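Please look through the structure shown here, and then follow the paragraphs below, which begin with the confidence of the model before turning to its parts.

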Amino acid sequence: MTHEIVHRPYPRGRNRNSSRTRAVAIEGRCGEGRRVQALLAAFCAFLVFLFLMFANAAHADEASVRAIISKFADAKGFSQVEKVIDELAATGDPLAVRTLNALNDGKLQVKRGGTVYIEENGKFLDPITGEPVDGADTSGLDKVKIKNSLRRTISAALSGMTLMAKDPAIRSQAASTIFDSSDASQLEALEKALAAETVPSIREQMEEAKASIQLFNSKDPAEVSTALGTIKARGDRAALALLSKYAASADGELKEQADAAISSVEETLSMWEAGQNVWYGISLGSVLFLAAIGLAITFGVMGVINMAHGEMVMLGAYTTFVVQELIRTSAPGLFEYSLLIALPMAFLVAGGVGLLMERSIIRFLYGRPLETLLATWGVSLILQQAVRTIFGPTNREVGNPDWMSGAFTLGEMSLTWNRVWIVCFSLAMFVALQFVLKKTYFGLQMRAVTQNRRMASSMAIRTPWVDAMTFALGSGIAGLAGVALSQIDNVSPNLGQSYIIDSFMVVVFGGVGNLWGTLIGAFTLGIANKFLEPYAGAVLGKILVLVFIILFIQRRPRGLFAQKGRAVEA
Amino acid sequence: MIFGHFLKQGLASRYVQVAVLILLAVAVMVPVLNLAVPPGNPFHLPDHWVPLLGKYLCYAMLALALDLVWGFCGILSLGHAAFFALGGYAMGMYLMRQIGSRGVYGNPVLPDFMVFLNYKELPWFWYGFDNFWFAALMVVAVPSLLAFVFGWLAFRSRVAGVYLSIITQAMTYALLLAFFRNDMGFGGNNGLTDFKEIIGFDVSAGSTRLGLFVATALFLIASLVIISSVVASKYGKILVAVRDAEPRTRFIGYRPENVKLFAFVLSAAIAGIAGALYVPQVGIINPGEFAPANSIEVVVWTAVGGRGTLVGPILGAILVNAGKSWFTGVLPEFWLFALGGLFIFVTLFLPKGILGLIGQVKASARARREKRAAEQQVLAE
């Protein structure tokens, strides 16, 4: 027996995905850093202008900030450095941000007597403007040492300043930092920012940050109680963490209130979690549906057991790979459209192979389903080996265009774009296929041949031609599915093998000859699988679903949506 | 008396007679050629051939078991390798217990992988496997029980044809996934291996391997005779009737589900024995044996040899596997092309397999002879 065919119980796509999302997240953070710098440069440039506009007491002028910064030079020990940081923080002036960042990164160089430079790549920069200082006196410079507790102080100070930043994203970020840290020293800066804030969503965030500070520092029970209400209304994981922390130290009525808030937040969270599970289930269901829908045509409508169906999916995935390779070498600008180009190509390639298969093998085996099964299994082995010989046995890299990568959050749920697109794509395929089957002349012919071959033939329908076209359509659709699946799974010669059993399960579960059955079957199995996973684990969940299908077939041998008929045997 | 009747019925077919004689000859000749003929002699059978041939005979037995349900009852099981593997696992568990304290970790009770996975005591389903008789019982009982439950459910609700094939495939796939889990207590991904001895004999010794080979040949002969006699009996006729026209058989008053169930359980038991003989000769059993592809391959052996002929599947299993050994040695990339091509060729051009072809040639020759005789008779008149 073959050991060459290695079976994979786990779909491998998921890991790749999560690392991709992570990479995107990191990139995003770096981008933010750059934005902060750009923003600071703008601040420096419009320095004087700004101070004329806002004669705000909180915004000290550059000279006073510089005076405070120069105190770093003579600060001895961590405690004095901390005092200077606090002083800088108290000004709330964004001018100090560059210095604080440099201090945090260990790049602040000082010499006794008030000389302060930022050292970067061997150059000495002015601590406020960031311009290189000509003729800087570099002898006897010392680095200002910091430790972790100081880093926390610095980051709190920085967030106080960023609260007033121009960019709403930075303000929002600062508010959520304060929310997490509940740092009482930020209260004053926060209240000022709150008074000046105009964007409602950021106002809300700042209110929550204020509540977070009040929760741990206020002596007034009424204020704490209001704060609890605000945090409860936020209802996310960070809120839960804060509430639990508070509840651990609280007592009396407030503790009761905190506990009630915790359970309310937990309820909200568990609803989101269920929502996330449903989404995962829908996402898995869409994959199952894509894999099975071509089979629903060839097996469901024609009654041909196409064991090479998975290989049609694989051919679609490899077509995507080839299209992307061609684009990479000859027209890199088209990469964003590579999937759109690959779709018709994959349809033609897989459909063509299907047509060839039908004309050369399957048409001799109509009415002998078990023999068809064996012959198409043979075709699947040949196709696998052919792809292995041409493209090699290892995974091929199919890239995600930008609009397919990344993720976004919806409430407490995180959705990746590729999954969202695949769900949309699978639904679009369903609608298109229903249209072809129900509204076109070809669909009419197809249904006629399925229902009564001889009668259709008498009505001058070329049944062999309809057979060939139907099989080609089913195979082509499998190819389309391959394009979509290449985005989330490894493109290897074994790609098809991992889908074939699942697709048969979906079609059999949903009931043959009915696309609605396939749709509902796929999404039911997908969601059931994802809901079993937390309790039973991924593999056991899948086993349970398989056992469930086996038992289900006993109850309803013709599937969920059986075609009605009076024949003793179909 | 009954036994004699059984034997007579089983050996009624000419093909079976020939096959039994050939297998007996093989059972005698392989030890002779291996032991009595000196290594330099061209007729000497190298040591590594013995387990290889033994493996082929195990596969032949599996194909024979499948032929009973597919060839005579029309149940295309795509999960027969599961029964084979379950029998193999039962034997593997016995062999694991025989290792005793000679394992890498030297634990007298727990097999190595359990020590590795921090098991504190033997799981309950491993009890009793230190006795050979218990393991031998389980080799038959576990696959039979699974076949009984599965068949009882499936045949009673009249799941037939393609649907049955697909759910047998689901069954073996579910078992594959289950046995891959480390928590199942069957060695997970790596399966069971590193066997030391079987009923006191060293598994890797040449004499043990010869003994296992002869045992496999004898079991194969016994299975062939049993199945052949079952098929030739009155029950066998009903079996064929169910295959060809199940509703009609039901209307006449038989219970097709019971008829099918018996064949399915018998077949599973024989597959289990084949698996049990396979494991000590190959030296390993792992979840890969449950792979759906394996079961489908068994179907092609049967189809190549000729389904419904009993001897054909034996021939097919040996030929295809010998071809595979040769191909994977000489042209490893082309094995799947060859196997795939074989699937297509056999289904399109040899629907009755090799033995069926011989039968067809004979039948057409007889028809031609009769036609000629008739013509001559007409001329003479």
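Within chain A, the element with the lowest mean pLDDT is helix α2 of chain A (residues 47–53), at 45, whereas helix α14 of chain A (residues 338–360) has the highest, at 93. This is a predicted model, and such values therefore belong at the start of any reading, since predicted coordinates should not be read in detail where pLDDT is low. Taken over its whole length, chain A averages a pLDDT of 79, with 87% of the residues scoring at least 70. Residues 1–33 of chain A stay under 50 in pLDDT, and for this stretch the model has 34 contacts beyond four places in sequence. The pLDDT is also below 50 over residues 566–570 of chain A, a stretch that has three contacts in the model beyond near neighbours in sequence.

For chain B, the mean pLDDT is 90, and 100% of the residues reach 70 or more. Confidence within chain B is lowest in helix α1 of chain B (residues 2–10), where the mean is 80, and highest in α11(B), at 95. For the model as a whole, the scores are an ipTM of 0.85 and a pTM of 0.76.

The domain assignment of chain A gives two regions to keep in mind, domain 1 (38–267) and domain 2 (272–555). Between domain 1 of chain A and domain 2 of chain A, the C-alpha centres lie 53 Å apart.

An open sheet of four strands in chain A has the order β3-β2-β1-β4, and its pairing is antiparallel. The edges of this sheet are taken by β3 (123–125) and β4 (142–143) of chain A, each of which has a single partner strand, so that one side of each is left without a neighbour in the sheet. Strand β1 of chain A (residues 108–111) is joined to β4(A) by two bridges, with the strands running antiparallel, and in this pairing A:Q109 stands opposite A:K143 in β4(A). Four bridges join β1(A) to strand β2 of chain A (residues 115–120), again in an antiparallel arrangement, and here A:K111 stands opposite A:T115 in β2(A). The connection between β1(A) and β2(A) is a hairpin with three residues between the strands, and A:G113 in the turn has a positive phi of about 105°. Going on through the sheet, β2(A) pairs with β3(A) in the antiparallel sense over three bridges, with A:E119 standing opposite A:F124 in β3(A). These strands, β2(A) and β3(A), likewise form a hairpin, with two residues between them and with A:N121 in the turn having a positive phi of about 50°.

Another strand pair is found further along chain A, where strand β5 (residues 407–410) of chain A is joined by four bridges to strand β6 (residues 413–416) of chain A, the two running antiparallel. Across this pair, A:F408 stands opposite A:L415 in β6(A), and the bridge partner of A:T409 in β6(A) is A:S414. β5(A) and β6(A) form a hairpin with two residues between them, and A:G411, which lies in the turn, has a positive phi of about 60°.

In chain B, helix α3 of chain B (residues 49–73) packs against helix α11 of chain B (residues 256–282) at an angle of about 170°, with the axes of the helices 9 Å apart. That angle makes α3(B) roughly antiparallel to α11(B). The contact of α3(B) with α11(B) has, by class, 20 nonpolar, three polar and two charged residues.

The last step is the meeting of the chains, where 40 residues of chain A are in contact with 47 residues of chain B. On the side of chain A that touches chain B, the elements that give two or more residues are α15 (369–391), α20 (497–510) and α22 (538–555) of chain A. The most is given by α15(A), which contributes 14 residues to this side. The residues of the side of chain A that touches chain B divide into 29 nonpolar, eight polar and three charged.

How values were computed: Residues numbered from 1 in each chain as written. Chains lettered and ligands numbered in written order. Predicted model: local features only at pLDDT ≥ 70, side-chain atom pairs only at ≥ 80, totals over all residues. Contact = placed C-beta atoms within 7 Å. Nonpolar A, V, L, I, M, F, W, Y, C, P; charged D, E, K, R; others polar. Pairing = 2+ DSSP bridges. Axes fitted to C-alpha atoms, helices over the stretch in contact; angles between N-to-C directions. Parallel < 35°, antiparallel > 145°, perpendicular 65-115°, else oblique. Domains from an automatic or database assignment. pLDDT = per-residue confidence, 0-100.
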